[in-house]
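This report walks through one protein structure for a reader who has not met it before. Please look over the sequence and the structure shown here, and then follow the description part by part.

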Amino acid sequence: MGEETRERRLAVVLWPVLAVEVAGLVGTFTLADTTVLVPEYDGILVRECAALLVLALAVLTIVVAVLALRDGRNTTAVWRAAASWILALALLVILLRAGTGLWVVWCAVTMAASCVATVLCTDSATELPVRPSRAAAVIAVVALVAAVSGSCSGPYTDYPGVWTAPKSAASLTLTETGQGGRYTLRVGTCTEQGRWVFDYPQMSTSVQMWLHREGTLSCVPTAPETWVRIVGGNRAAPVIALPGLLLTKQ
């Protein structure tokens, strides 16, 4: 009788757990900014979240394999383990694109609820209702598709084009030829020209490039080589920094 009562309670608990997962995914997708050009990965929450996701991907696969060998009738646990694995993969994709932020808390809540449900179902000795677990798997697939097909972020952007400072105080025009190209920098009445190339190998998360000045005329107080990097904005309007200047892509 006690075992039967426990199983009934567990069957009832699966729906609220699913609701927590859905709420966590809503918070994750609402707060995660995947338009940033240079994701920030500082903070212990991000590291813990990444560790949680990787651990889930590793452990839940083993859970499914062991369960299949031990009790092939417990399809609920298989559905739950599959849902948790897919959720972990989806949230890992978002983590790579969005970096740190408050959304990580919602991500951790989602994954914790999913893993707890998986463990509870696996530990169950009798058959549980499969509908909540199937619904969790479907929602996980939707989350993965949304994460993969969402706006692709990252530190890279198209450099060729015109970059301008506020009030047209300065402009940088880049034309592309191969792995670099030509540039024209105008600051006030000063005009500087030369070639630009990407910085290889990359030494930070921010994509860097170098302006190699030709001639002695310099519009910024630097050596013949000027270091340029992305410092903010989004994919629609990225911002790069030169010494004393911030320019936005037009």
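## A helix largely enclosed

Of the 24 residues of helix H3, 17 are buried, so this helix is largely enclosed by the rest of the structure. The structure is a predicted model, and what is said here about H3 and the other elements should be read with that in mind.

H3 covers residues 75-98, and at 1.5 Å a residue its 24 residues should span 34 Å, a figure that agrees with the 34 Å between its end C-alpha atoms. After H3 comes Gly99, a residue whose phi is positive, near 70°.

## A salt bridge between two helices

By the distance rule used for such contacts, the count comes to two salt bridges. One of them joins the side chains of Glu21 and Arg80, with 2.8 Å from N to O. This pair links distant parts of the chain, since Glu21 belongs to helix H1 (residues 2-31) and Arg80 to helix H3, with their positions 59 residues apart in the sequence.

Are the two partners buried or exposed? Glu21 has a relative accessibility of 3% and therefore counts as buried, and Arg80, with a relative accessible area of 0%, is buried as well.

## The barrel of strands

Eight strands form a closed barrel that runs S1-S2-S3-S4-S5-S6-S7-S8, with antiparallel pairing. Within this sheet, neighbouring strands are turned against each other by 30° on average when direction is ignored.

Several of the pairings can be followed residue by residue. Strand S1 (residues 161-164) pairs with strand S2 (residues 170-177) in the antiparallel sense over four bridges, and here Gly161 stands opposite Leu174 in S2. The two strands form a hairpin with five residues between them, and in its turn Lys167 has a positive phi of about 60°.

S2 also pairs with strand S3 (residues 180-187), again in the antiparallel sense, over eight bridges, and in this pairing Ser171 stands opposite Arg186 in S3. Further along, strand S5 (residues 208-213) and strand S6 (residues 225-233) are joined in the antiparallel sense by five bridges, with Leu211 opposite Thr226 in S6. As a general point, the side chains of a regular strand alternate between the two faces of the sheet.

## A salt bridge at the strands

The side chains of Glu214 and Arg182 also meet in a salt bridge, at 2.7 Å from N to O. Glu214 lies in the loop between S5 and S6, whereas Arg182 lies in strand S3, so the pair ties together parts that are 32 residues apart in sequence. Glu214 has a relative accessibility of 43% and counts as partly exposed, and Arg182, at 38%, likewise counts as partly exposed.

## A nonpolar patch on the surface

Which residues form the nonpolar patch on the surface? They are Val20, Leu31, Leu102, Val105, Trp106 and Val109, and together they have about 490 Å² of accessible area. H1 and helix H4 (103-123) each supply at least two residues of this patch, and its largest share, three residues, comes from H4.

Val20 is found in helix H1, the helix that also holds Glu21 of the salt bridge with Arg80. With a relative accessibility of 36%, Val20 counts as partly exposed, whereas Glu21, at 3%, counts as buried.

Technical notes:
Residues numbered from 1 in each chain as written. Predicted model: local features only at pLDDT ≥ 70, side-chain atom pairs only at ≥ 80, totals over all residues. Heavy atoms only, no water. Pairing = 2+ DSSP bridges. Expected span 1.5 Å × (residues − 1). Buried < 20%, exposed > 50% of the residue type's maximum accessible area, 1.4 Å probe, protein only. Axes fitted to C-alpha atoms, helices over the stretch in contact; angles between N-to-C directions. Salt bridge = Lys/Arg side-chain N within 4 Å of Asp/Glu carboxyl O. Patch = residues over 30% accessible without salt bridge, like charges linked within 9 Å, V, L, I, M, F, W, Y side chains within 5 Å. Areas by Shrake-Rupley, 256 points an atom, 1.4 Å probe, with all protein chains shown as cover.
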